[in-house]
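Q: Got this one open on my screen. Can we go through the ligand site, then some strands?
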Amino acid sequence: MTLLEYLDSHMSLPIDRAATPRLDADAVASLKLMNVPGDHMFIAEYSHGEWRKARIQAYRPIPFSPLALGLHYAQSVFEGMKAYRMDDGRIGVFRTLRHHERFNRSLERMLMPAVPAEVFAEAIHTLVDLDRGWVPPGPDSSYYIRPFVIATEERMGLKAADEFSFMVVGGPFRPVYTKPLRVKVERTYTRAAHGGTGYAKCAGNYAAAMYPTKLAQDEGFDQVIWTDARDHAYVEESGTMNLMFIINGVLVTPPTGDTILSGVTRDSLMQIARDLGIDVQERAVSVDEVRTGIQSGTITEAFGVGTAASVAPIQTISIDGEDLSLSVHDGCTMFALKQRLNDIRFGRIADQHGWMTIVDGTAR
Ligand SMILES: *Cc1c(COP(=O)(O)O)cnc(C)c1O
């Protein structure tokens with residue numbers, strides 16, 4: 001039976017429970033247990049043109065052939081999303097369908113098979129439900145969900161794979177960035193070029209970013225701000241986050257395209273800004289505008305936005321060796337946006353855009 005047939009027949013996913021759960025509910029609740037995988041994982045295999053053998057099983061290492069194509073040629077795509085323990089105790093997953101759309105865009109670019117929306121949603125929601133004890137309580141805590149597909153076909157030599165695994169793992173998570181960032185505008189290395197893969201969450205993009213990021217960290221920066229590949233004249237993203245500014249009170253962010261990844265956090269914060277009556281502009285922002293804007297005081301805030309950190313304030317931007325400083329304080333617009341996003345995620349205000357899926361405990 002294929003995965004879709006399972007779902008069509010209203011059978012639930014086969015679940016092979018962990019024989020010895022590692023869950024220590026007290027450790028999760030007191031946030032002592034962080035950044036470790038939960039007890040279960042989802043896995044399905046693709047061959048002969050179909051997803052098959054979908055199941056949930058105990059989290060464990062997976063055997064691969066040393067010649068699995070994904071290990072050599074990076075046919076490997078992932079997503080990063082989160083579930084929250086809401087104030088009333090329910091567990092909610094944030095924007096599953098939006099993440100799914102991007103997953104399939106990434107998979108298409110890497111010549112990998114699409115995952116049907118029902119399969120993606122069922123896999124994630126069932127896994128989170130089963131491991132609900134691993135979802136830590138707020139205020140900034142969450143359960144990080146990592147869906148991914150990798151080419152598993154064994155083959156000596158380059159070829160586009162015909163066999164893949166789709167897996168979902170997850171675990172309790174604390175925000176990555178705690179203090180305001182010091183970032184460097186990158187004028188030498190490139191993350192993404194037109195016609196390339198910058199819009200896809202494919203493994204190779206992250207491997208290629210590590211060396212320039214390490215060089216910046218050796219100079220005392222937390223991250224780089226990537227600029228356009230041709231002239232290094234326009235800012236694009238900050239590390240693995242989208243970039244936003246407050247300029248004359250307006251929320252300004254560079255437009256997504258093939259070099260700027262379409263962040264779910266970015267999209268959500270733009271919507272929230274509009275809901276709060278803040279003007280939003282998607283437009284190119286040059287490095288020169290960042291410099292003169294901070295100097296003249298028209299740019300009052302800069303921040304990175306992404307699932308991991310949610311909102312990461314930027315305190316210092318270094319442009320060609322010159323440090324430009326911003327004041328990060330409680331009254332910043334970015335914190336009002338983040339607060340409202342959290343209010344939706346934790347169920348404190350109405351979910352007017354239908355972003356949360358409540359997992360209801362039926363998998364337990
Ligand atoms: C994942 C990612 C983001 C942020 O996307 P979210 O959906 O908000 O997590 C931004 N830029 C890059 C390069 C990313 O990989």
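Q: Which residues come nearest to the ligand?
A: This is a predicted model, so keep that in mind. Lys-201, Tyr-206, Glu-237, Thr-265 and Thr-307 come nearest, out of 15 residues around the ligand.

Q: OK, Glu-237. What does its side chain sit 2.5 Å from?
A: A nitrogen atom of the ligand. The partner is an N or O atom in the Glu-237 side chain.

Q: And Thr-307, how far is its side chain from the ligand oxygen?
A: 2.6 Å, again counted from an N or O atom in the side chain.

Q: Which residue uses a backbone atom?
A: Val-264 does. One of its backbone N or O atoms lies 2.8 Å from an oxygen atom of the ligand.

Q: How much of the ligand does the protein bury?
A: 97% of the 380 Å² that the ligand exposes when taken alone.

Q: Which pocket is the ligand in?
A: The largest pocket.

Q: What's the shell made of, by class?
A: Seven polar residues, four nonpolar and four charged.

Q: Which helices and strands each supply at least two of the shell residues?
A: Two helices and a strand: H4 (96-109), H7 (264-275) and E11 (241-247).

Q: Switching to strands. What does E11 pair with, and in which sense?
A: E11 pairs with E10, antiparallel, over two bridges. Met-241 in E11 stands opposite Ser-238.

Q: What links E10 and E11?
A: They form a hairpin, with two residues between them. Gly-239 is in that turn and has a positive phi of about 60°.

Q: How many bridges join E10 to E9?
A: Three. E9 covers residues 223-227 and E10 covers 235-238, and the two run antiparallel.

Q: Which residue stands opposite Ile-225 there?
A: Ser-238 in E10. So Ser-238 turns up twice: it faces Ile-225, and it also stands opposite Met-241 in E11.

Q: Back to Glu-237, then. Where is it in all this?
A: E10 spans residues 235-238, and Glu-237 is among the residues that come nearest to the ligand.

How values were computed
Residues numbered from 1 in each chain as written. Predicted model: local features only at pLDDT ≥ 70, side-chain atom pairs only at ≥ 80, totals over all residues. Heavy atoms only, no water. Near = heavy atom within 4 Å. Polar contact = N/O pair within 3.5 Å; in protein donor to acceptor, adjacent residues only side chain to side chain. Areas by Shrake-Rupley, 256 points an atom, 1.4 Å probe, with all protein chains shown as cover. 1 Å grid on protein atoms, 1.4 Å probe; cavity = no way out; pocket = protein on both sides within 12 Å on 5 of 7 lines; lining within 4 Å. Sits in = over half its atoms within 2 Å of the grid points. Helix = DSSP H or I, 4+ residues; strand = E, 2+ residues; numbered from the N terminus. Nonpolar A, V, L, I, M, F, W, Y, C, P; charged D, E, K, R; others polar. Pairing = 2+ DSSP bridges.
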